[in-house]
Amino acid sequence: MAGDEGRAGGRTRWVFAGQLGPLFDDGGPMMIVEARSVFGRRPMHRAKAHLLLSAMRHRAAELGDRVEYHRVERYSEVVDGRDDLEVIDPTSWAVRRFVRRRGVVVLPSRGFVTSEADFADWAATRQGKRLLMEDFYRTVRERTGLLMRGDQPEGGRFNYDHDNRTPPPKNAARLGLPDPWWPEEDEIDQEVRADLDAWQRDGHVTLVGDDGPRRFAATHAEAERALADFVESRLNDFGPFEDAMLDGDWTMAHSLLSAPMNLGLLDPRHVVETVVAEYHAGNAPLASVEGFTRQIVGWRDYVWHLYWHLGEGYRTGSNALGAHEPLPQAFRELDPAAVEANCLHETIDGMRRHGWAHHIQRLMVLGNWALQHGYDPVALNDWFVDMFVDGTPWVMPANVIGMSQHADGGIVATKPYASGGAYINKMSDYCGGCVFDPKVRLGENACPFTAGYWAFLDRVEPRLQRNHRMAQPLAGLRRLADRDAVVDQERHRERW
Ligand SMILES: Cc1cc2nc3c(=O)[nH]c(=O)nc-3n(C[C@H](O)[C@H](O)[C@H](O)COP(=O)(O)OP(=O)(O)OC[C@H]3O[C@@H](n4cnc5c(N)ncnc54)[C@H](O)[C@@H]3O)c2cc1C
Ligand code: SF4
């Protein structure tokens, strides 16, 4: 394989923060560069900075004499002038450009179920058609044989989403699952903590959010432990409660595996095969296993490939809904104190504590709010990258610019993911503890999501009137007797 040739050429493999597991190691000399400037470009969640540093330093400790570990301000201090380096193709446009300009030998990327060549082949067969995730997912299932019985999908259907939209149990504060397994911090974490304190004190970095105990795996062994814990305790409930939210249950039945996968600690193929094996052994229901498989071999691979396919300009060149509002202080500083809307308050509070929120909180609370209020999509994209432990440049554009904000005008999702309080009320217990009422759109206790939904439609109506999937919502808007009053109320809203 290409990596072995690299070793034969006597090259040193430079691995990045997304390449810290065995999948990126073919033996031979390695190099990790801890460049402080990477942490100082923009404000970053403390938990994220901690996790990245901890994972890099743990990897260095594992590799021992085989690794050169550099602590510098910038990559160029180590890399310029060297001609013995190779990399597995990095995960952002900026770093790919950096290594190519310096003549570093580049090997094909790893860390996804499908290769970039696989996606290019598939995209070529779609000439003139939309590149839909669902079609890509089916092709991957067929090509890999995952959850297939011959040429038919296991159970007769490719997608069990329909069975996976259960609201949370009534009158339950939690799903009632055992607490997830948490890693134990060690002396490397203590050193990281001290270094971050010093960097912050000296003005090199701006850290946001709590300095909690590290919650996410920083080594391959910890990541395997987290995977086993998910399979044992939460996989069965993953499917039904995938879209549900509970005030008192910040993890629900989610896997918490995005961070270790994005750090390269776990091979996603191994993750999926482990979960699929549970179905074949009769230990897990098909709807949960299929739902989880789709998130990894469908969504995760798809957004990775779209990052390259849509080009570097996709992030900055898309603003189809004319959204230019700056992010408010509650978002920038992860400060829930000023937010009364219980769903948003709890989501921002959870982010402040953990640097993580689950998918529906990201899409239907944070993303929905930002969409309704016309936050600048690039600023929002970068905020998600910086504030989430699993945030990476490649994962965000399709999720934020495309799916969540519809800034691309419909390349990733055919209509904006906007909804009022009724959806949040159905899928969570947030509304019961809120000063606002999800059914009310006008007056003192009008829900800012419900009223905000109509005000959003009013604002974007001219831009979306040719979108046939928006015909029904826009017809509803036109029938709204108090439309002007609701729009006026939201324009002047002070309490949210
Ligand atoms: C606005 C927005 C921002 C997001 N930001 C990130 C991010 O910074 N990093 C990130 O990895 N994912 C991101 N996602 C996708 C998804 O929300 C997270 O992967 C998931 O919440 C992570 O928690 P988990 O590991 O418990 O996931 P689970 O719910 O257990 O899902 C299993 C896995 O599926 C993958 N996955 C599921 N959906 C997606 C998706 N849409 N895109 C990519 N992978 C997916 C992840 O690897 C995840 O670990 C974002 C989605 C939205 C809508
Ligand atoms: S009433 Fe509205 S603001 Fe309050 S929790 Fe429900 S959806 Fe959120």
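What is the volume of the largest cavity? It comes to about 100 Å³, and the last view below takes you there.

The model is predicted, so local features need pLDDT of at least 70 and side-chain atom pairs count only at pLDDT 80 or more, while totals for chains, interfaces and linings use all residues. Residues are numbered from 1 along each chain as its sequence is written, chains are lettered from A and ligands numbered from 1 in the order in which they are written, and side-chain values use heavy atoms, with hydrogens and water left out.

**View 1. Asp-386 pairs up with Arg-42.** Side chains of opposite charge can pair when their charged atoms come close. Here the pair forms a salt bridge (a side-chain nitrogen of Lys or Arg within 4 Å of a carboxyl oxygen of Asp or Glu), and its closest N and O atoms are 2.7 Å apart. Asp-386 sits in helix α18 (residues 377-387) and Arg-42 in the loop between α2 (37-40) and β3 (44-45), so the bridge ties together parts 344 residues apart in sequence. Helices (H or I, at least four residues) and strands (E, at least two) are DSSP runs, numbered from the N terminus. Asp-386 is buried, at 9% relative accessibility, and Arg-42 is partly exposed, at 36%. Buried means under 20% relative accessible area, exposed over 50%, and partly exposed in between (1.4 Å probe, protein chains only).

**View 2. Glu-273 and Arg-269 bridge within one helix.** Both residues belong to α12 (residues 268-280), 4 residues apart, or about one turn of the helix. Their closest N and O atoms are 3.1 Å apart. Glu-273 is partly exposed at 39%, and Arg-269 is partly exposed at 29%.

**View 3. Arg-483 meets Asp-458.** This salt bridge has its closest N and O atoms 2.8 Å apart. Arg-483 is in helix α23 (residues 483-491) and Asp-458 in helix α21 (residues 448-464), so the pair ties together parts 25 residues apart in sequence. Arg-483 counts as buried, at 18%.

**View 4. Inside the largest cavity.** A cavity is a set of points, on a 1 Å grid over the protein atoms alone, where a 1.4 Å probe fits but cannot get out; lining residues have an atom within 4 Å of a point. There are 13 lining residues, and Cys-343, Cys-431, Cys-434, Cys-447 and Phe-449 lie nearest the centre. Helices α16 (342-354), α20 (421-427) and α21 each give two or more residues to the lining.

Key: On a 1 Å grid over the protein atoms alone, a cavity is a set of points where a 1.4 Å probe fits but cannot get out, and a pocket is an open set with protein on both sides within 12 Å along at least five of seven lines; lining residues have an atom within 4 Å of a point. Grid points are joined across faces, edges and corners, and a volume is the space filled by probe spheres set on the points.
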